[in-house]
Amino acid sequence: MQHYFIRLAVIAALSLAAVSAHANETVSVYHAAEGTVQGIDNAAGKVTLKHGPIKSKTVEMPAMTMSFPVAKPAQLAEVKKGDRVAFVAEKVNGTITVTDLKVAK
Ligand SMILES: [Cu+2]
């Protein structure tokens with residue numbers, strides 16, 4: 001009888017693990033994009049990125065090099081030309097904007 005309860009507990013634990021694994025999958029559909037910093041324009045609050053494919057909630061595009069306005073200009077100080085970065089691009093008031101930017105680990 002005790003074994004039966006242990007088995008039930010194991011099944012419950014595995015089910016929970018399956019649910020959380022699935023939740024992670026859903027989040028990873030909108031993973032951060034990757035790129036390399038080609039240039040920084042502090043005055044304009046823009047960064048030029050040679051980026052890989054982007055698939056966010058509001059933006060989908062293939063790899064290319066382009067300039068983006070940055071939603072948090074303070075983040076421009078945390079990166080420099082040549083850095084590999086992870087970033088999120090979303091449409092903000094119709095403009096494709098980098099809403100998060102950090103050096104890739
Ligand atoms: Cu692009």
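Helices and strands here are DSSP runs, numbered from the N terminus. The model is predicted. Its protein chain holds one helix and seven strands. From the N terminus on, these elements run α-β-β-β-β-β-β-β.

Confidence comes next. The mean pLDDT of the protein chain is 84, and 71% of its residues reach 70 or more. Residues 16-28 stand apart from this, with pLDDT below 50. Beyond near neighbours in sequence, that stretch has zero contacts in the model. Where pLDDT is low, the predicted coordinates should not be read in detail.

Now the sheet. Five strands form an open sheet in the order 5-2-1-6-7, and the pairing is antiparallel. Strand 5 (64-69) and strand 7 are the edge strands, each pairing on one side only. Direction ignored, neighbouring strands of this sheet are turned by 45° against each other on average.

Walk across the sheet, starting from strand 5. Strand 2 and strand 5 pair in the antiparallel sense over six bridges. Here Lys46 stands opposite Pro69 in strand 5. Strand 2 (residues 46-51) also pairs with strand 1, again antiparallel and over six bridges. Val37 has Leu49 in strand 2 as its bridge partner. Thr36 is bridged to Lys50 in strand 2. Strand 1 and strand 2 form a hairpin with four residues between them. In its turn, Gly45 has a positive phi of about 70°.

Strand 2 also shows two faces. Val47, Leu49 and His51 make up the covered face. Lys46, Thr48 and Lys50 make up the uncovered one. In a regular strand the side chains alternate between the two faces of the sheet.

On to strand 6. Strand 1 (residues 33-41) and strand 6 (residues 84-92) pair in the antiparallel sense over four bridges. Thr36 appears again at this step, standing opposite Arg84 in strand 6. Thr36 also has its partner Lys50 in strand 2.

The last step leads to the other edge. Strand 6 and strand 7 pair in the antiparallel sense over eight bridges. Among the pairs, Val88 has Asp100 in strand 7 as its bridge partner. These two strands form a hairpin with two residues between them. Asn93 lies in the loop between strand 6 and strand 7. Its phi is near 50°, a positive value in a residue other than glycine. Is Asn93 buried or exposed? Asn93 counts as exposed because 5 other C-beta atoms lie within 10 Å, and the cut-off for exposed is 12 or fewer.

What lies in the core? The largest nonpolar core has 13 residues. Val47, Phe68, Phe87, Ala89, Val98 and Leu101 touch the most other members. Strand 1, strand 2, strand 6 and strand 7 each supply at least two residues of this core. Strand 6 gives the most, with three residues. In soluble globular proteins, nonpolar side chains tend to be buried together. Over the whole protein chain, 15% of the 105 residues count as buried.

Leu101 shows how this core is joined to its surroundings in the chain. Leaving aside neighbours within four places in sequence, Leu101 is in contact with Val47, Val70, Gln75, Val79, Val85 and Phe87. Of these, Val47 and Phe87 are named among the core residues that touch the most other members.

Ile96 gives a second view of strand 7. Ile96 sits in this strand, which spans residues 95-103. Not counting residues up to four places away in sequence, Ile96 touches Val59, Phe68, Ala89 and Lys91. Phe68 is 28 residues from Ile96 in sequence, yet their C-alpha atoms are 6.8 Å apart in space. Why does Ile96 count as partly exposed? Ile96 has 18 C-beta neighbours inside 10 Å, and a residue is buried only from 20 upward and exposed at 12 or fewer, so Ile96 falls in between.

Finally, the chain-wide view of contacts. Take the contacts in the protein chain with a separation of 6 or more. Residues 24 or more positions apart account for 50% of them.

Key
Residues numbered from 1 in each chain as written. Predicted model: local features only at pLDDT ≥ 70, side-chain atom pairs only at ≥ 80, totals over all residues. Contact = placed C-beta atoms within 7 Å. Pairing = 2+ DSSP bridges. Axes fitted to C-alpha atoms, helices over the stretch in contact; angles between N-to-C directions. pLDDT = per-residue confidence, 0-100. Core = buried A, V, L, I, M, F, W, Y, C linked by C-beta atoms within 7 Å.
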